[in-house]
Structure formats: structure tokens, C-alpha cells
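Subject: Structure for your review

Dear colleague,

Please find below the structure that I am handing over to you. A summary of the findings follows it.

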Amino acid sequence: MNLHMKYALLGLSMIGAVGAAQATTLVPLVPTTSVDIVGDYFGGTLLDSIVTPINNPVYNGIARAAVYQTASGLDFYYQYSNSATSINGVERFAAFDFSALGSSAISVYQTGAAFGIFTKGTETADYADRTLLGVVGFSFVPNAASKINPGTTSFTQIIRTSATSYKPGNFGLIDGFGDNARAFAPVPEPETYALLLAGLGVMGAIARRRKARRE
């Protein structure tokens, strides 16, 4: 093997290592051990964004959410800035509803960069998880120091999907006391509806045949 080929293979292996380090795949019922940090957001076309003031007895601040379209699908972004006047820190985000994606894998990331409506983040998520009911969660504990404490801002949490359309969604904030912000969520693709209707049609045909046999 010549020297140039060795350098080429080394370069490709380094690119592969970097790519692997920047992808945390999230499947239902399997929490991640971390959420990979990226230097910036993934770009694309901003489709929608929303800012929700949060005000409850134990914490108050600003929740931000947006959805971007990229070549690979829709990316969903979430961030919370906790006011210095809050009593408590926030332990967890819960994004809903991602059930339209079924059990297909999605990737989660986080960035401290400022872009669009999002500000520079200071607090990183420790891990992410996903339920069968379409909830994608980002946790900022196992220890109290990891919380989005008063006067701090979370890193922006990113959910990358293959979805091509979206609907209004929910962005839950939890620290003993729960609160909700408006956000966005993917919707089933047309072929998903077609498969569902086809399945219902087959079930209906089977039921009719059974009924005819009894008669």
C-alpha cells in the first residue's frame, strides 16, 4: 500500500469517527447514555418558530421551539431560559407527539450556539429517552448541579427526523411542578395513512367473509 493510499484511508477513518461522535440514535424504551454536542445547528429552512413565556409558582422564564426543513427531513429544536427570579431549576424537557414516527430511529443532539430565536446555552442535557406513546425526553439531572437553574439557559436540544410535514405539538417542562409550552411535532406521511387504510380494508374483508360463512 503506497503512502498516499495510507493517508487517504486514515482521513476516511477520521471522518467516520467524527461522524459517529456526532450522532446519538434514540429508539423507543432505550435511554441514551448522553446527548452528543454539536458546534452549531444543522441549517436548513426555518418553517416555524414560537416563544412561550412560562410563569408558575416555582419557576418562570422563556421556552423556545422551532422546526427546520433540511435535505434529510424535519429538525425540531427546543430550549428553555430560566429566569434569575425562579425558585427552582428545571430538570427535564418532554417533547410530544412523535408517535407518527412509529419505532423508526431518530437522532438527538444539543448545541450551545446562538442562532435564530435561540440564545447561547450554558446547561447540557445528560441523556435522552423515548416512550412508545411518542414522548421524547431530555433530562438535565442525575445531580442537582445539572439542572437548568435560575439564571441559566439550556443548550438547544435537537431532534432530527425523516418527517416531511409537521403539526402543533407540546413542549413540557418538569421539576416536580410541570408546565407546558407550544411547539411542533411530525405528522404521518401519506403512505402511512395508505397502509393504515389498506390494513383496515383487509380486516373488513376478512370480517365480511366470516359473516357470510356463518350465514
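Two strands are said to pair if DSSP finds at least two bridges between them. With that definition in hand, A94 can be placed: this residue stands opposite G137 in β8. Please note that the model is a predicted one.

The strand β5, which comprises residues 92-96, has two pairing partners to describe. With strand β8 (residues 136-139), β5 pairs in the antiparallel sense, and four bridges connect them. With strand β10 (residues 166-175), β5 also runs antiparallel, here over five bridges. In this second pairing, F93 has L173 of β10 opposite. As to its surroundings, β5 is mostly covered, as four of its five residues are buried.

The next item is the open sheet. Six strands make up this sheet, and their order is β1-β6-β9-β4-β3-β2, with antiparallel pairing. At its edges lie β1 (24-26) and β2 (45-55), each of which pairs on one side only. From one strand to the next, the twist averages 25 degrees.

Within that order, β6 is followed by β9. Strand β6 covers residues 106-111 and strand β9 covers residues 156-160; five bridges join the two, again in the antiparallel sense. One residue pair can serve as a landmark when you view the model: the bridge partner of Q110 is Q157, in β9.

Yours sincerely,
A colleague

Definitions and conventions:
Residues numbered from 1 in each chain as written. Predicted model: local features only at pLDDT ≥ 70, side-chain atom pairs only at ≥ 80, totals over all residues. Heavy atoms only, no water. Axes fitted to C-alpha atoms, helices over the stretch in contact; angles between N-to-C directions. Buried < 20%, exposed > 50% of the residue type's maximum accessible area, 1.4 Å probe, protein only.
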